[in-house]
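Visitor: I am new to this structure, and I would like to know how the words used for it are earned. Could you show it to me and take me through them?

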Amino acid sequence: ELIIRADKDGNCPIKHGSIIKVAVKKNGVFHFKLSPWAHYVTRPKETTVYHMPFYNPPESECYRFKYPRPSKPESLRIYEAHVGISSSEGKVNTYKNFANDVIPRIKKQGYNTIQLMAIMEHVYYASFGYQVTSFFAPSSRCGTPEDLKYLVDKAHEADILILLDVVHSHASKNVEDGLNEWDGTQNSYFHDNNRGYHKYGFDGFRFDGVTSISSDRKCSFYMFHPEILRIQPYVWGKNGSHQAYSNFNLVSCVVRETS
C-alpha cells in the first residue's frame with residue numbers, strides 16, 4: 001500500500017496534470033504501468049502509447065450538476081449513440097458538442113433514454129470502444145471527465161436518462177497502456193487459457209457479454225435500468241434459455257443489493 005500524505009497546506013503534493021505511472025516489480029524487474037483505476041488517460045503526440053495525467057482538478061474547474069435525474073418513465077425509448085461518430089463534419093465529435101447539438105435532436109424525435117457507446121477509454125479507435133484499456137477513464141478523444149458530466153447533465157435537463165454501455169468482457173490485450181500483464185503475469189486481470197480469450201451520473205447500464213463475466217459459456221447479453229429492472233435478454237446458442245434465466249437471476253440480485 002502506498003500512502004501519499006498531504007503537504008503542509010493540506011493539499012495533494014502531486015499537481016493536477018502531472019504524468020504518473022505505477023511501478024510494478026516482478027522478478028527483480030520494474031514494469032511501468034497505468035493505474036487500473038485511472039480517471040483520465042491521454043495520447044501524447046510523440047507516441048501511440050497512452051499516458052496518465054494525474055486528474056485532480058481544483059474545485060473551480062470541477063463540473064457541478066445542475067439538474068436532477070429524470071423520473072422513471074412508463075417505458076424506455078432508447079436511442080443508441082456513439083459520441084465520436086455523431087458529428088456531420090467528418091471528425092471525432094466531443095462530449096460538449098454532443099450535449100449541445102445532438103441531444104436536442106434526440107429529444108425532438110421522442111426518445112427518453114440514450115445508451116452511450118464507447119465511453120470507456122480505448123486506444124484503438126476502430127474497435128468502436130470494444131477494446132477497453134482504462135475502464136474508469138472516459139475516452140479523452142471526446143473531452144475531459146468534466147465534459148462528460150456536462151453531457152449527462154444536459155441530458156437530464158432534457159428529461160432524458162443516460163445508460164452507460166459497460167463492456168467488461170472486451171478488455172484490450174495492450175500491455176503498456178492496458179491491463180494485460182499488469183503484474184507481469186497473465187493471472188491478474190486475464191487468463192492464459194480459452195477462458196481468457198472471448199469475445200458519471202449515469203442512470204443505468206447496458207452490459208455486453210454478461211455470460212463471459214459470470215460463466216465459461218457465452219450466449220447472451222442484457223440491457224437493464226437499475227430502477228426499472230426492465231431486462232431484455234438476447235439469447236443464442238445451445239441451452240441459451242437456461243443460461244439466460246441464470247443470468248437474469250444474477251443481474252436481479254446485483255440490482256437488489258445495490259438499489
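Guide: Gladly, and let us begin with a word we will need often: a residue counts as exposed when its relative accessible area is over 50%, as buried when that area is under 20%, and as partly exposed in between. Please keep in mind that this is a predicted model.

Visitor: What makes Trp37 exposed or buried?

Guide: The relative accessible area of Trp37 is 54%. Exposed asks for over 50%, so Trp37 is called exposed. You will find Trp37 in the loop between strand 3 and strand 4 (52-53). Together with Phe136 and Tyr189, Trp37 makes a nonpolar surface patch of about 360 Å².

Visitor: How much of the whole protein is buried?

Guide: The protein has 259 residues, and 44% of them count as buried. About 14,900 Å² is exposed, with carbon and sulfur atoms supplying 51% of that area. As for the architecture, there are 4 helices and 12 strands.

Visitor: Why is the meeting of Arg69 and Asp203 called a salt bridge?

Guide: The term asks for a side-chain nitrogen of Lys or Arg within 4 Å of a carboxyl oxygen of Asp or Glu. Between the side chains of Arg69 and Asp203 the N to O distance is 2.6 Å, so the pair passes the test. The structure holds 7 salt bridges.

Visitor: Which of these two partners is buried, and which is partly exposed?

Guide: Asp203 has a relative accessibility of 1%, so with a limit of under 20% Asp203 counts as buried. Arg69, at 42%, falls between the two limits and is therefore partly exposed.

Visitor: What makes Glu89 and Lys91 a salt bridge?

Guide: Their side chains meet at 3.3 Å, N to O, and the limit is 4 Å, so this pair also earns the name. Glu89 is at 60% relative accessibility and thus counts as exposed, while Lys91, at 42%, counts as partly exposed. Lys91 sits in the loop between strand 5 (78-82) and helix 1. Setting aside neighbours within four places in sequence, Lys91 is in contact with Gly84 and Asn97.

Visitor: How do you know that Glu157 and Lys154 are about one helical turn apart?

Guide: Both belong to helix 2 (residues 145-157) and are 3 residues apart there, so about one helical turn separates them. The closest N and O atoms of this pair are 3.0 Å apart, and the two residues form a salt bridge. Glu157 is partly exposed at 38%, and Lys154 is partly exposed at 23%.

Visitor: What makes a group of residues a nonpolar core?

Guide: The members must be buried residues of nonpolar kinds, joined through side-chain atoms within 4.5 Å. The largest such core here has 31 residues, and Val83, Phe98, Ile103, Ile114, Leu116 and Leu151 touch the most other members. At least two residues of this core come from each of helix 1 (95-108), strand 6 (113-117), helix 2 and strand 9 (161-166). Helix 1 gives the most, with 6 residues. Apart from this core lies another, of 7 residues, including Leu34 and Met52. In soluble globular proteins, nonpolar side chains tend to be buried together.

Visitor: Which residues is Ile103 in contact with?

Guide: Beyond neighbours within four places in sequence, the contacts of Ile103 include Phe98, Ile114, Leu151 and Ala155.

Visitor: How do you know that strand 2 and strand 3 pair?

Guide: Pairing needs at least two bridges. Strand 2 (residues 22-26) and strand 3 (residues 29-33) are joined by 5 bridges, so they pair, and they run antiparallel. One bridge links Val24 to His31 in strand 3. The two strands form a hairpin with 2 residues between them, and Asn27 in the turn has a positive phi of about 55°.

Visitor: What makes the phi of Phe128 worth a look?

Guide: Most residues other than glycine have a negative phi. Phe128 is not a glycine, yet its phi is positive, about 65°. Phe128 lies in the loop between strand 7 (120-121) and strand 8 (134-138). Asp159, in the loop between helix 2 and strand 9, also has a positive phi, near 65°.

Terms used
Residues are numbered from 1 along each chain as its sequence is written. This is a predicted model: local features need pLDDT of at least 70, side-chain atom pairs count only at pLDDT 80 or more; totals for chains, interfaces and linings use all residues. Side-chain values use heavy atoms; hydrogens and water are left out. Buried means under 20% relative accessible area, exposed over 50%, partly exposed in between (1.4 Å probe, protein chains only). Contact means heavy atoms within 4.5 Å. Patches are made of residues with over 30% relative accessible area and no salt bridge: like charges are joined within 9 Å, nonpolar side chains (Val, Leu, Ile, Met, Phe, Trp, Tyr) within 5 Å. Accessible areas come from the Shrake-Rupley method with a 1.4 Å probe; for residues, only the protein chains shown count as cover.
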